[in-house]
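Hi,

Here is the structure I said I would pass on. Have a look at it first, and then read my notes below.

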Amino acid sequence: MTHPRHQLDELLTHPVRFSIVAMLTAADRAEFGFVRDQIEISDSMLSKQMNALEQAGYVKVRKAFVGKRGRTWLSLTSQGRRTFDRHLSALHTIAYGNTATARPLG
Amino acid sequence: MAYVNDVTPTPQQAQAALAEAATRSALVRKADKPLLLIPLVIAATYIAVGAVFALPPFAYKGLVTLLILGAGLAGGLGLLATVRAYSRRSRLLKLAVGIVFPLWNGAVTGASVVLGWWAPGSPVWHFTVSAVVAVLPLLAITALVGRSRR
């Protein structure tokens, strides 16, 4: 299995999930509302995709309260980071035909 | 899950995905820019308090000092409240503000006392100079983090 497509992660081939993880790869943590607004999706869509990513062990969800106001913070796990780096590397190979210049974004 | 990847993106689709990833990454780095101002607010507060201490005695000197400290605290917390995403470089900033600055500050204070820089009868501007030296790590880390990609 030498074709770079075999290095692609199925979960990350979904465009919304790809965008979420791409955003979180540069983040130590990001607020739920920030990710939702930047990717321009609904709360329910983000929740649904976050569930899938959380079940795969790619993201962590933490809730914190400032006074009475709750904030939900999302972050990438080290497994999620590794998977995304591998996925990006495969995309780079497909796009440019080599992996020499592939570099994680985070 | 390699076996399920039956559809290979075209090179153009892969390039578009890479561009999308770079754009999303940049958004996070842009979002925590206000965080870079926090060390500067602390530094400005510190230097302002040092400057007030260097002034000749006047009424309400203590109150003015408290007001400066209050304004600095409110400014820092206000900035913190606006941050909705923390990039990975923010860890460096936390380390600087939470650990390096207090340690360096303690060292500057200790050295000022031990070396007689703050001895009774010393010019009051000695305190201002010490305050400026104490905030150097904050300024350095802000410059460093501001230039970093992560």
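Start with A:Leu24: setting aside its neighbours within four places in sequence, A:Leu24 is in contact with A:Ala30, A:Val59, A:Leu74, A:Ser75 and A:Leu76. Keep in mind as you look around that this is a predicted model.

A:Leu24 also turns up in the largest nonpolar core, which has 36 residues. A:Leu24 is one of the members that touch the most others, along with A:Val21, A:Met23, A:Ala27, A:Ala30 and B:Val28. Both chains feed into this core: α1 (15-25), β1, α2 (32-39), α3 (43-55), β3 and α4 (78-96) of chain A, plus α1 (11-31) and β1 (85-87) of chain B, each give at least two residues. There is also a second, separate core of 8 residues, and among them are B:Ala43, B:Phe101, B:Val135 and B:Leu138.

Back to α1 of chain A: this helix is mostly covered, with 9 of its 11 residues buried. The buried ones include A:Leu24 itself, as well as A:Arg17, A:Phe18 and A:Ser19.

Then there are the strands of chain A. β3 (residues 69-76) pairs with β2 (residues 59-66) in the antiparallel sense, over 8 bridges. In that pairing A:Val66 sits opposite A:Arg69. β3 also pairs with β1 (residues 27-31), again antiparallel, but over 2 bridges. Here A:Glu31 has A:Trp73 as its bridge partner in β3.

Cheers

Key. Residues are numbered from 1 along each chain as its sequence is written. Chains are lettered from A and ligands numbered from 1 in the order in which they are written. This is a predicted model: local features need pLDDT of at least 70, side-chain atom pairs count only at pLDDT 80 or more; totals for chains, interfaces and linings use all residues. Two strands pair if DSSP finds at least two bridges between them. Helices (H or I, at least four residues) and strands (E, at least two) are DSSP runs, numbered from the N terminus. A nonpolar core is a set of buried Ala, Val, Leu, Ile, Met, Phe, Trp, Tyr and Cys residues joined through C-beta atoms within 7 Å. A residue is buried if 20 or more other C-beta atoms lie within 10 Å of its own, exposed if 12 or fewer, and partly exposed in between; C-beta atoms are placed from the backbone. Two residues are in contact if their C-beta atoms, placed from the backbone, lie within 7 Å.
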